[in-house]
Amino acid sequence: MSPTARLLVVEDNPSDIDLLLRLLRRSGLATDPVVSDDSDEIRRLLAGGTFEAVLTDHQLGAFTASDVLAAVAALGLDVPVLVVSGAVGEDRAAALMREGASDFIRKDNLSRLLPALQRELREAEGRRLLA
């Protein structure tokens, strides 16, 4: 893992963006987050291949976490995608995991986010070292 983890944060709610960014700043984990809720921009950013992880809400207008996962897969990226949402039931969360999400964190339980993110960054770095 690089000294500063570059993260793509896919979120459209300004208060949730502020909450996630504050949580990341206070975590002690060095991050460089880029925030977007525009599907074309997200695809373009992902195509640049410079992110170490993606944090995405489930529903962003017509764009969903499934679309983010499909874009990551289509580009052949080995980037953990953590879905951070509050409006998804267990069945949909399980479906997102089958679609390739690394983890699902409910917005009402953000205490899980940092340990999950750190774990996924470590595992992705391990895969890169083995490649």
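These legends walk through close-up views of a predicted model.

**View 1. The open sheet, strand by strand.**
Let's start with the sheet. Five strands line up here in the order β2-β1-β3-β6-β7, with parallel pairing, and the sheet is an open one. At its edges sit β2 (31-36) and β7 (103-106), each of which has a pairing partner on one side only. On average, neighbouring strands in this sheet are turned by 20° against each other, ignoring direction. If strands are new to you: they pair in a sheet through backbone hydrogen bonds, and the pairing can be parallel or antiparallel.

**View 2. From β1 to β2 by way of a helix.**
Which helix joins β1 and β2 in a β-α-β unit? That's α1 (residues 14-26), and the unit is right-handed. The two strands run parallel and are joined by 6 bridges. To pick out one pair, find Leu8 and then its bridge partner in β2, Val34.

**View 3. The middle and far end of the sheet.**
Now zoom in on β3 (residues 53-56) and β6 (residues 81-85), a parallel pair held over 3 bridges. Thr56 is a handy landmark, standing opposite Val83 in β6. On to the next pair: β6 and β7 are parallel too, over 4 bridges. Here Leu82 has Asp103 in β7 as its bridge partner. Together with α4, these two strands form a right-handed β-α-β unit.

**View 4. Two helices on the sheet.**
Helix α3 (residues 65-74) lies across β1 (5-10), β3 and β6, and runs at about 175° to β6. Helix α5 (residues 113-130) also packs on the sheet, where it touches β1, β3, β6 and β7. The direction of α5 makes about 170° with that of β6.

**View 5. The buried residues of α3.**
Which residues of α3 are buried? They are Ala65, Ser66, Val68, Leu69, Ala71 and Val72. As a reminder about helices, an α-helix has 3.6 residues a turn, so residues three or four places apart point the same way. The cover over the buried residues of α3 includes β1, α2 (39-47), β3, β5 (63-64), β6 and α4 (90-98). After the helix comes Gly76, with a positive phi near 70°.

**View 6. The nonpolar cores.**
The largest nonpolar core has 23 residues, and the ones touching the most other members are Leu8, Val10, Leu46, Val54 and Leu96. At least two core residues come from each of β1, α2, α3, β6 and α4. Which element gives the largest share? It's α3, with 5 residues. Leu46 is a good place to look around: setting aside residues up to four places away in sequence, Leu46 touches Leu8, Phe51, Val54, Val68, Ala71, Val72, Leu75 and Leu77. There is also a second, separate core of 19 residues, and among them are Leu20, Val84, Ile105 and Ala116.

**View 7. Leu7 and its surroundings.**
Leu7 sits in strand β1. Is Leu7 buried or exposed? Its relative accessible area is 0%, so Leu7 counts as buried. Beyond its neighbours within four places in sequence, Leu7 is in contact with Leu24, Thr31, Asp32, Pro33, Val34, Phe51, Ala53 and Leu117. For a sense of scale, Leu7 and Ala87 are 80 residues apart along the chain, and their C-alpha atoms are separated by 22 Å.

**View 8. Ala53 in β3.**
Ala53 belongs to strand β3. Like the residue in the last view, Ala53 is buried, with a relative accessible area of 0%. Not counting residues up to four places away in sequence, Ala53 touches Arg6, Leu7, Leu8, Val79, Pro80, Leu117 and Leu121. Ala74 lies 21 residues from Ala53 along the chain, and 16 Å separates their C-alpha atoms.

**View 9. Asp16 and its polar contact.**
Asp16 is found in helix α1. Why does Asp16 count as buried? Because its relative accessibility is 18%, and the cut-off for buried is under 20%. Which side chain does Asp16 meet in a polar contact? Look for Lys107: the two side chains are joined by a polar contact of 2.6 Å. Leaving out its neighbours within four places in sequence, Asp16 is in contact with Glu11 and Lys107.

Key. Residues numbered from 1 in each chain as written. Heavy atoms only, no water. Pairing = 2+ DSSP bridges. Axes fitted to C-alpha atoms, helices over the stretch in contact; angles between N-to-C directions. Contact = heavy atoms within 4.5 Å. Right-handed = clockwise from strand over helix to strand, strands pointing away. Buried < 20%, exposed > 50% of the residue type's maximum accessible area, 1.4 Å probe, protein only. Polar contact = N/O pair within 3.5 Å; in protein donor to acceptor, adjacent residues only side chain to side chain. Core = buried A, V, L, I, M, F, W, Y, C linked by side-chain atoms within 4.5 Å.
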